[in-house]
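These are my notebook entries on a single model. I went through it by topic and wrote down what I looked up.

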Amino acid sequence: MASATRTEIRSAGTRRITFYVALAVFAQESTWNFYDNRVPELLRDHVSSAAVIGLLMGMDNLLGVFIQPYMGNRSDNTRTAWGRRIPYLAVMMPVGAALFLLIPQATSLGWLILVIFLYALVMNSFKPVSESLMPDFIEPARRSRGNAAVKIASALTTIVAALVSLLLVDDHPKLAFAVPSGLMLVAAAVLVWRVRDSRSAAYQAALAEDEASAATGRREANAEVKARVILRELVRDPDRSRLLLIIAVFAFASAWFASRSLMTPYGVEVLGLSDGQAGGLTLPSGITYILAAFPVALLAERFGRLRVMVAGMAVFAIGLLLGAAVQTPTVTMVTLCLGGAGAAGFIINAVVVLWNLAPSSRVLGTYTGLYTVGWASGGIAGPALVGLAVDITGWHLMLLDIAVLTVIAILLVVRIDRLQRGNDTGEGAL
């Protein structure tokens with residue numbers, strides 16, 4: 001009976017922290033999605049070159065590659081009565097909301113670039129901090145379903161951004177920015193009011209490691225674990241699992257982003273659709289992604305995360321082969337739906353595997369940032385790599401080009417699975 005009571009209390013705590021992290025991610029992603037919708041149009045008021053607009057819109061991804069690991073590491077090394085994450089969120093989320101409100105107020109190109117740069121800087125700074133609350137509070141075996149809830153919340157923000165655009169942008173373009181900004185302020189207030197990550201299991205474990213290190217004389221209790229030390233240990237570790245996983249994240253992100261960003265020109269060039277019709281090809285796949293997110297988390301906890309990641313990517317690749325073999329709008333839409341469901345198997349579980357492979361609770365924020373390095377780098381490189389392949393082989397082979405990247409990611413994860421066999425990584429960890 002006592003054991004059952006403890007299990008119920010632990011489950012309630014897991015649901016509670018999952019809700020708070022999902023709320024934080026929902027709020028911040030609402031601003032990002034609306035940013036992606038509206039800022040290109042604001043830039044077009046000053047710049048006619050699509051290349052320059054694309055370059056400025058890609059600035060936030062590039063900043064994230066450098067800033068997120070650094071800020072994840074900074075928060076890992078922070079010790080306060082409120083914990084190591086909440087102090088950053090209490091300051092940065094309101095600052096990010098204020099900068100978001102300033103974007104439509106910028107009347108010159110110089111001011112607009114400055115404001116969006118500062119916005120991207122602040123938002124990238126606290127993204128790994130908020131997401132690291134998940135592994136801080138939730139035990140390794142249950143992290144997939146928690147991350148599924150967070151990813152679903154993130155995916156739903158596209159609907160929020162679309163609704164705000166439909167209802168407010170035409171008549172009240174500046175007021176429209178206030179809605180996502182207000183959501184982020186509410187989320188910040190709730191987090192600061194309800195969450196103390198100083199009580200999390202990972203924070204307490206980090207404190208215990210600090211004291212143990214100090215007691216053995218290896219280091220001072222408050223000494224920082226530098227990011228470069230973590231990277232050096234990761235690269236030199238004879239077990240290549242973590243390094244291979246980051247490379248696999250890069251490879252699959254390349255395939256995923258290429259399948260999204262190049263689908264409109266593919267629909268026009270190969271399927272003979274109009275720009276508007278081609279732009280709608282990916283809509284059903286977003287729904288299958290949301291529907292598949294929680295089931296793949298449950299499957300991962302039952303059969304193993306690495307196996308579900310491989311199975312998900314295999315479904316993604318099979319969909320691409322089907323689309324390459326039968327190039328019609330209907331089959332392409334089926335292809336993308338399979339791809340959305342398959343991608344969920346990878347996206348929901350990859351960061352959880354990386355958290356669970358981290359050598360210590362002291363470095364979870366840094367590992368959240370390293371996941372972003374792989375994912376964002378793939379998002380930058382993938383469309384360019386596949387676009388180059390298209391220039392050489394033609395649009396008709398684009399889906400096969402993306403399938404090649406997917407197969408590379410599958411082989412990497414299969415290799416990690418073999419490396420981990422026999423390793424004691426804890427029940428349900430991988």
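**Entry 1: Val 95**

I began with Val 95, which is partly exposed, with a relative accessible area of 38%. The model is predicted, and I read every value below as computed from it. I placed Val 95 in helix H4. I then looked up its separation from Thr 372: the two residues are 277 apart in sequence, and their C-alpha atoms are 22 Å apart in space.

**Entry 2: salt bridges around Arg 85**

I next asked how many salt bridges the structure holds. The count is 12.

I followed Arg 85 in detail. Asp 76 forms a salt bridge with Arg 85, and I noted 3.0 Å between the closest N and O atoms. Asp 136 also forms a salt bridge with Arg 85, with the closest N and O atoms 2.7 Å apart. This second pair links distant parts of the chain, since Asp 136 belongs to helix H6 (residues 133–137) and Arg 85 to the loop between helix H3 (59–76) and helix H4 (86–102). I recorded a separation of 51 residues for Asp 136 and Arg 85.

Are the partners buried or exposed? I found both Asp 76 and Arg 85 to be buried. Arg 85 counts as buried because its relative accessibility is 0%. Asp 136 has a relative accessible area of 1%, so I entered Asp 136 as buried too. I also looked for a wider arrangement, and found that Asp 76, Arg 84, Arg 85 and Asp 136 are linked in a network of salt bridges.

**Entry 3: a salt bridge within helix H5**

I turned to Lys 127 and Glu 131, whose side chains meet in a salt bridge at 3.0 Å, N to O. Both residues lie in helix H5 (residues 109–131). They are 4 residues apart, which I noted as about one turn of the helix. Lys 127 has a relative accessible area of 18% and is therefore buried. Glu 131 counts as buried because its relative accessibility is 16%. The cut-off that I applied to both is under 20% relative accessible area.

**Entry 4: nonpolar surface patch**

Which residues form a nonpolar patch on the surface? I listed Leu 156, Ile 159, Leu 163, Leu 166 and Leu 167. Together they have about 510 Å² of accessible area. I checked Leu 156 individually and found it in helix H7 (residues 143–169). Leu 156 counts as partly exposed because its relative accessibility is 34%.

**Entry 5: cavity**

I searched for cavities of 30 Å³ or more, and the structure holds 1. About 60 Å³ of space lies in the largest cavity. I recorded its lining as Trp 256, Ser 259, Arg 260, Phe 316, Leu 320, Thr 335, Leu 336, Gly 339 and Gly 340.

Which helices each supply at least two residues of this lining? They are helix H11 (241–261), helix H15 (305–325) and helix H16 (329–357). The largest share comes from H16, with 4 residues. I sorted the lining by class and obtained 4 nonpolar, 4 polar and 1 charged residues.

Technical notes
Residues numbered from 1 in each chain as written. Predicted model: local features only at pLDDT ≥ 70, side-chain atom pairs only at ≥ 80, totals over all residues. Heavy atoms only, no water. Patch = residues over 30% accessible without salt bridge, like charges linked within 9 Å, V, L, I, M, F, W, Y side chains within 5 Å. Areas by Shrake-Rupley, 256 points an atom, 1.4 Å probe, with all protein chains shown as cover. Salt bridge = Lys/Arg side-chain N within 4 Å of Asp/Glu carboxyl O. Buried < 20%, exposed > 50% of the residue type's maximum accessible area, 1.4 Å probe, protein only. 1 Å grid on protein atoms, 1.4 Å probe; cavity = no way out; pocket = protein on both sides within 12 Å on 5 of 7 lines; lining within 4 Å. Points joined across faces, edges and corners; volume = space filled by probe spheres on them. Nonpolar A, V, L, I, M, F, W, Y, C, P; charged D, E, K, R; others polar.
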